[in-house]
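Reader: I should be grateful for a close look at one part of this structure. Please begin with a single residue and its contacts, and then proceed to the helices.

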Amino acid sequence: MSTTVAVVGAAGRMGRLVVAELLDHPSLSLHAAVVSASSDARGVDAGVLAGRPACGVPTRAELAAVGGADVVVDFSTPGALAALLEVLDGEALVSGTTGLEDSTAAALGGYAERAAVLHAANFSTGVAALRHLVAQAARALPGYDVEIVEVHHHHKRDAPSGTAAALLGDVAGARGVEVADVAVYGRAGLVGARPTGEIGVHAVRAGDVVGEHAVWLVGGGERLVISHAAHDRAVFARGAVRAAQWIAGRAVGRYAIRDVLDLD
Ligand code: NAD
């Protein structure tokens, strides 16, 4: 029997790719495709919107349309995710929306007490491996200065990227320090010498760059740079659809992309 999946943010760059991946998938079917109330794509067939043949599922503007799906996949906005969490009722949730308010992150945690939830700032397999390697390097090179540089297209609304924030958390975790005590976001003015242990995070916004992350570890007369570049957004959509298939029918709780990929 096929797993039914509802997509929230179906008219967005990511949402269209997720719908396309779902329609191509042999054991997943599209339950609903939700767009914002102001979207021109309201009522349009979700398959056509995603560049596929018509699939008989017109987009809807009501978040309640996700009700009863096995899994809800969300790539929308922080505000839409907050509203979605108020209407979900036990459906498994896979979300890639970044830039969440603390209250929405807390609501996500609360929903994970009622359903299976996987929120990831990056659904690419390569980035999951990058995070793994960066944590190892940060542990192996304790005295080295760490700087994180991310580059994204000029439409991106939040900074730093959720992936840069995750990498920051990985380095801090590997070193046993709190992010709030060590992070500095960009530098300007007479900032003085770099304190030991500081972790710099820098956001570049330019053109159509899909997403790049580099972690510099510098010290002792050498520099190690571990980096990843996404060439095609479809890599995130494929990861999210893989996560949707994986999470269907799982026990209530919070899952991470490394669980899907079995990286540990
Ligand atoms: P986008 O702006 O193209 O798409 C977001 C869509 O959400 C828009 O079409 C908007 O109209 C829609 N939306 C707003 N309110 C809504 C509502 N109430 N109901 C339904 N739809 C609503 O942005 P994007 O590039 O597709 O990215 C979406 C999110 O995913 C961002 O937070 C981005 O940072 C994140 N993202 C995550 C990953 C990942 O791998 N986790 C990858 C790329 C992007």
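Author: Leaving aside neighbours within four places in sequence, T3 is in contact with S27, L28, S29, D70, V71 and A248. The model in which these contacts are found is a predicted one. T3 belongs to strand β1. Its relative accessible area is 15%, under the 20% that marks a buried residue, and T3 is therefore counted as buried.

One of the partners of T3 is S27, which lies in the loop between α1 and β2 (28–34). S27 has a relative accessible area of 28% and is partly exposed. Beyond its neighbours within four places in sequence, S27 is in contact with S2, T3 and Q245. The chain also brings S27 towards its beginning: the C-alpha atoms of S27 and M1 are separated by 7.4 Å, although the two residues are 26 apart along the chain.

The loop that holds S27 follows α1, and the packing of that helix may be taken next. Helix α1 (residues 13–24) packs with helix α8 (residues 234–247) at an angle of about 55 degrees, their axes being 9 Å apart. The two helices are therefore oblique to each other, and their crossing is right-handed. From α1, the contact draws on M14, L17, V18, E21 and L22; from α8, it draws on A234, F236, A237, R238 and V241. Divided by class, the contact of α1 with α8 comprises 8 nonpolar residues, 2 charged residues and no polar ones.

Strand β1 (3–8), where T3 is found, also appears in the surroundings of another helix, α3. In α3 (residues 78–87), the residues L81, L84 and L85 are buried. Seen down the axis of α3, the buried residues fall within an arc of 100 degrees, so they line one face of the helix. In general, an α-helix has 3.6 residues a turn, so residues three or four places apart point the same way. The buried residues of α3 pack against β1 (3–8), β3 (71–74), β4 (92–95) and α4 (102–111).

Of these partners, α4 may be described further. The axes of α3 and α4 come within 10 Å and cross at roughly 35 degrees, in a left-handed crossing. On the α3 side, P78, L81, A82 and L85 take part, and they meet T104, A107, L108 and Y111 of α4. The residues of this contact divide into 7 nonpolar and 1 polar, with no charged residue. L81 and L85 thus appear twice in this account: they are buried in α3, and they meet residues of α4.

Key
Residues numbered from 1 in each chain as written. Predicted model: local features only at pLDDT ≥ 70, side-chain atom pairs only at ≥ 80, totals over all residues. Heavy atoms only, no water. Buried < 20%, exposed > 50% of the residue type's maximum accessible area, 1.4 Å probe, protein only. Helix = DSSP H or I, 4+ residues; strand = E, 2+ residues; numbered from the N terminus. Arc of directions from axis to C-beta. Contact = heavy atoms within 4.5 Å. Axes fitted to C-alpha atoms, helices over the stretch in contact; angles between N-to-C directions. Left-handed = near helix turned anticlockwise from the far one by under 90°. Nonpolar A, V, L, I, M, F, W, Y, C, P; charged D, E, K, R; others polar. Parallel < 35°, antiparallel > 145°, perpendicular 65-115°, else oblique.
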